[in-house]
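These are my notebook entries on one chain, written down in the order in which I looked things up. I begin with burial, then turn to strands, core and rings.

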Amino acid sequence: RDNMAEPPKALFRVLIDAKIEDIFREITRTDRPLGAIFNGMLVTDRLGPGGRMQMRTASGRHTLVEGEIVEYDPPRRFAHTHRFTRFDDPVCRITYELKPVGGQVEVTLRIDGIPAGTPTAKSMSWGGDFILRNLKAIAETGRPPLGTRVMYALMDTLEFVLPARTRADRWPLEKRA
């Protein structure tokens with residue numbers, strides 16, 4: 001088999017000192033912004049396989065990511081397709097795997113099918129590490145680091161500069177053909 005034919009992937013891993021259920025809830029909650037995941041709101045028509053999902057700004061006015069839930073196996077696995085709404089790039093797949101390891105929880109974030117040489121690939125090259133560092137901080141201390149909180153405040157203030165194509169009304173939460 002030709003390894004060059006396989007789509008690019010990225011793998012990120014962290015050990016977290018918290019309950020596995022709390023960590024899983026932190027990456028799948030729909031009741032408030034996900035502090036680990038760029039302070040986005042997870043919006044879905046069904047939190048289970050086949051459910052449409054989006055990551056919207058905390059205000060709900062813009063949709064940054066759209067996809068479909070592929071796996072939902074609390075508290076061990078959550079996977080979904082992923083496409084940034086501001087780019088015309090193909091979808092990739094995000095998988096979170098959680099497993100107990102010696103009194104802690106190992107969280108693996110895997111990104112498969114990253115479209116090489118695209119704006120999506122550039123964002124994904126550092127996004128996984130950012131998400132896991134913030135997830136660890138939130139699970140262990142109750143909030144993201146100060147630098148992340150400042151960044152989120154700036155993102156909220158500058159939301160008006162997002163492209164019109166990301167407005168939530170242009171991304172209804174329904175099955176797309």
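Entry 1, burial and one strand residue. I call a residue buried when its relative accessible area is under 20%, exposed when that area is over 50%, and partly exposed in between. The model I am reading is a predicted one. I looked up Phe12, which sits in strand β1, and because its relative accessibility is 14%, under the 20% limit, I enter Phe12 as buried. What does Phe12 touch, once its neighbours within four places in sequence are left aside? I find Val107, Thr108, Leu109 and Ile111 on the list, together with Met124, Ser125, Gly128, Asp129 and Leu132. For Ser125 I also looked up the backbone, where its C-alpha atom is 10 Å from that of Phe12, although 113 residues separate the two along the chain.

Entry 2, strand β3. I checked each residue here and found that five of the five residues of β3 are buried. Arg52, Gln54 and Arg56 point one way from the strand, while Met53 and Met55 point the other way, and I note that buried applies to both groups. Which partners does β3 have? β2 pairs with β3 in the antiparallel sense over four bridges, and β4 runs antiparallel to β3 with five bridges between them. Met53 appears in both lookups, as the bridge partner of Thr44 and opposite Gly67 in β4. In the hairpin of β3 and β4, six residues lie between the strands, and there I found Gly60 with a positive phi near 85°.

Entry 3, the core. The largest nonpolar core holds 34 residues, and Ile37, Tyr96, Leu98, Val107, Ile111 and Leu135 are the ones with the most contacts inside it. I then asked which elements supply at least two residues each, and found β1, α1, β3, β4, β5, β6, β7 and α2; of these, α2 gives the most, with six residues. Tyr96 I followed further: among the residues it touches, not counting those up to four places away in sequence, are Ile27, Ile37, Phe78, His80 and Ile131, and also Arg76 and Arg77. Tyr96 also belongs to one aromatic cluster with Phe24, Tyr72 and Phe78.

Entry 4, aromatic pairs. I count eight aromatic pairs in the structure. Phe38 and Trp126 make an edge-to-face pair, with 5.7 Å centre to centre and 85° between the planes; this pair links the loop between α1 and β2 to helix α2 across 88 residues. Phe38 is partly exposed at 25% relative accessible area, and Trp126 is partly exposed at 45%. For Phe130 and Tyr152 the ring centres are 6.5 Å apart and the planes stand at 75°, so I enter this pair as edge-to-face too. Phe130 is in helix α2 and Tyr152 in helix α3, so the pair ties together parts 22 residues apart in sequence. Are these two rings buried or exposed? Phe130 counts as buried at 6% relative accessibility, and Tyr152 at 4% likewise counts as buried.

Entry 5, two arginines. Arg86 lies over the face of Phe84, 5.1 Å from the ring centre. Arg29, in the loop between α1 and β2, counts as buried at 11% relative accessibility. Its side chain shares a polar contact of 3.5 Å with that of Glu26, and beyond four places in sequence Arg29 touches Leu34 and Leu42.

Note on methods:
Residues numbered from 1 in each chain as written. Predicted model: local features only at pLDDT ≥ 70, side-chain atom pairs only at ≥ 80, totals over all residues. Heavy atoms only, no water. Buried < 20%, exposed > 50% of the residue type's maximum accessible area, 1.4 Å probe, protein only. Polar contact = N/O pair within 3.5 Å; in protein donor to acceptor, adjacent residues only side chain to side chain. Contact = heavy atoms within 4.5 Å. Phe/Tyr/Trp six-rings, centres within 6.5 Å; stacked < 30°, edge-to-face > 60°. Lys NZ or Arg CZ within 6 Å of the ring centre and 35° of its normal. Core = buried A, V, L, I, M, F, W, Y, C linked by side-chain atoms within 4.5 Å. Pairing = 2+ DSSP bridges.
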